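The report that follows describes how the helices of one protein chain are arranged and how some individual residues are placed. It is best read with the sequence and the structure side by side.

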Amino acid sequence: MPAPTKVARHTLFNFVTIALTSLLGVGVTALVARVLSPDGMGHYTLLTWLIGIAGLFANLGYVTATMKYMAESLGRDDPAEAAGVLAFSSRQVLVFGFLVSGLLILAAPWATRHFNEPDLGLALMAGAVAVIPTALVSLYMAACQALQRYDQVALVTGITVGCTLAGTGVAIVNGWGIVGLLSATGFSAGIGALAYMILLTRWRPDWYRATLTPEHMRAMRTYQGPVFVMLMLDAIVWQRSEVFFLGAYAPAKEVAFYGMAFTLANMAMKLIPGTLIGLLIPNLSRSVGAGDAEGVRRIFALSCRYMAMLALPVAVGGALVAPALVNVLYGPGYEPVAALLGVLLAANALVMIYGFPASSVLYATDGQTRLVKIGLWISALNVLMGFLLIPRFGAWGAVASCAAAQLASLLPGLRAAHDKIGARAPVAVVLQILMAALVMGVPVYAVTHWTPPLVALFLGPLVGLVAFVMTLTGAGMLTPEDRALIGAVRAKLPFGRRAPAIEAE
């Protein structure tokens, strides 16, 4: 396990990265929602979902493969091999990216006719152009994570967020609609890809010329194939496959309600507990590459515990603050989003606590084939439930389908991780943290029901944070290692540098 100061530094930069991307997504959605009607927002949601699925075909699992194999090579102190991994993956992503973009462009006339929207075909073409730079940004971000350069990831993310916000504002002011919004996304992704290339060139000036042995290329393809299948299955369960059924069987506003609730739930979980996800696979892979089996088990157990400390208060507090959040962000007409959000937060919290640590173990220990098997039947369950529930219940059927499939994946995923590393998922400590989160919910509930929405939106999380920390401290649930890590994170913050770090007891 890395030292607390190193973990704190990586966690802080990872938090900055996720905060920027999450707030960007919510900010853009809020702006678009106030410009478009709920029906127009439904069309925008459907289109961005389609382009997101296309992006998976562009990277074909090479993003995850690059993170794993670069981290393992660096764990063996072989940067030349790590450069070869990145160069090989870059070529693959470029080839498949051009193919996917071409197919989307060819599909544009069909989309215009099928949905009877004159601008939809042009918007799809704009999205097609954005596929390649977006895929490269994901690949190069994974490379920097493998290099443990989370500061560089935060820097480039800040640049792309600034470009996206500026482009979105220009598109809205000039009335360019969805075409302008997607064009802004593509432009900012291009700037981000260029920035990453410059930073990676500082690491190794000729990394793009590096080569891999045929054995290493076969190993990457062997790993990448199941990972790509897993990503596609994840796209069904985790990335709003329900949008497809909503688009086919429900009014457009139902697509918007579900899509916005899904986005907010993802943002909430990625912003805080998701900070740890970007650290899991690189650190686990380095431990695997170094032959440290005990280190793998320790990282898994600690990840579950820290995920619980972060995800459970977010779920409880987020569900209570949801009405105020929706009111402030989106305005009248989007009230149903709040209730949908509360259910998705509860399901996502359990997935963050157990699902992501377990899947990270399997990715790091070449257990991706087991993940594919689990994903196949979970995806079948998700599609079946969506087909049965969404035509009748609309957005609520989509939430039920998504949540049930996600939760059903936890037990087989944990069993597979146990078979790989011999560690059991912590249960008692998670229940204790849940009780602390419920206690925290009492003052948050009072704030959200006795103050105006804008006040509740800012005061509720602050009150919840104080109450949760006090509850954990009062119950003696913070270990000396927790205090050391908190102190290290505090020392990295600008306002905490002059104060002494919290010392371990």
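A residue is called buried here when its relative accessible area is under 20%. By that cut-off, the buried residues of helix α16 are Leu410, Pro412, Gly413, Leu414, Ala416, Ala417 and Ile421. The model is a predicted one, and the values below were computed from its atoms.

**The chain as a whole**

The chain contains 19 helices and zero strands, and buried residues account for 54% of its 505 residues. Among contacts between residues at least 6 apart in sequence, 82% join residues that are at least 24 apart.

**Helix packing around α10 and α13**

Three helix pairs are set out in the table, each with its packing angle and the distance between its axes.

| Helix pair | Packing angle | Distance between axes |
|---|---|---|
| α10 (residues 252–271) and α13 (residues 336–364) | about 40° | 8 Å |
| α13 and α15 (residues 395–408) | about 10° | 9 Å |
| α9 (residues 242–249) and α10 | about 160° | 8 Å |

At their angle of about 40°, α10 and α13 are oblique to each other, and their crossing is right-handed. On the α10 side the contact is formed by Phe257, Tyr258, Met260, Ala261, Phe262, Leu264, Ala265, Asn266, Ala268 and Met269, which meet Pro336, Val337, Leu340, Leu341, Leu344, Leu345, Asn348, Ala349 and Met352 of α13. Sorted by class, the residues of this contact comprise 17 nonpolar, two polar and no charged ones.

Helix α10 is itself mostly covered, with 16 of its 20 residues buried. Its length also fits expectation, because 20 residues at 1.5 Å a residue should span 28 Å, and the end C-alpha atoms of α10 are indeed 28 Å apart.

The pairing of α13 with α15, at an angle of about 10°, makes the two helices roughly parallel. Here α13 contributes Ala339, Leu340, Val343, Leu344, Ala347, Asn348, Leu350 and Val351, while α15 contributes Ala395, Trp396, Val399, Cys402, Ala403, Gln406 and Leu407. By class, this contact holds 13 nonpolar and two polar residues, and no charged residues. Leu340, Leu344 and Asn348 of α13 thus take part in the contact with α10 and also in the contact with α15. An α-helix has 3.6 residues a turn, so residues three or four places apart point the same way.

Helix α9 packs against α10 at about 160°, and the two are therefore roughly antiparallel, with a right-handed crossing. Their contact is made by Glu242, Val243, Leu246 and Gly247 of α9 together with Glu254, Val255 and Tyr258 of α10, and it divides into four nonpolar, one polar and two charged residues. Tyr258 of α10 therefore appears in the contact with α9 as well as in the contact with α13, which the computed residue lists show directly.

**Residues brought together from distant parts of the sequence**

Tyr363, which is found in α13, counts as buried at 8% relative accessibility. Although Tyr363 and Thr64 are 299 residues apart in sequence, their C-alpha atoms are 8.2 Å apart in space.

Arg370 lies in helix α14 (residues 368–393) and is partly exposed, with a relative accessible area of 32%. Its C-alpha atom is separated by 8.5 Å from that of Gly413, a residue 43 places away along the chain. Neighbours within four places in sequence aside, Arg370 is in contact with Arg415, Ala416 and Asp419.

Helix α16 (residues 410–421) has twelve residues, which at 1.5 Å a residue should span 16 Å, in agreement with the 16 Å between its end C-alpha atoms. The residue that follows α16 is Gly422, with a positive phi near 75°.

**Positive phi in residues other than glycine**

Which residue, not a glycine, has a positive phi of about 50°? That residue is Leu60, placed in the loop between α2 (38–59) and α3 (62–75) and buried, with a relative accessible area of 10%. Gln148 likewise has a positive phi, near 65°, without being a glycine; Gln148 sits in the loop between α5 (120–146) and α6 (150–173) and is buried at a relative accessible area of 7%.

Methods
Residues are numbered from 1 along each chain as its sequence is written. This is a predicted model: local features need pLDDT of at least 70, side-chain atom pairs count only at pLDDT 80 or more; totals for chains, interfaces and linings use all residues. Side-chain values use heavy atoms; hydrogens and water are left out. Axes are lines fitted to C-alpha atoms, for helices over the stretch in contact, and angles run from 0 to 180 degrees between N-to-C directions. Helices (H or I, at least four residues) and strands (E, at least two) are DSSP runs, numbered from the N terminus. Angles under 35 degrees count as roughly parallel, over 145 as roughly antiparallel, 65 to 115 as roughly perpendicular and the rest as oblique. A crossing is left-handed if the near helix is turned anticlockwise from the far one by less than a right angle, and right-handed if clockwise. Contact means heavy atoms within 4.5 Å. Ala, Val, Leu, Ile, Met, Phe, Trp, Tyr, Cys and Pro count as nonpolar, Asp, Glu, Lys and Arg as charged, and the others, Gly among them, as polar. The expected span of a helix is 1.5 Å times one less than its number of residues. Buried means under 20% relative accessible area, exposed over 50%, partly exposed in between (1.4 Å probe, protein chains only).
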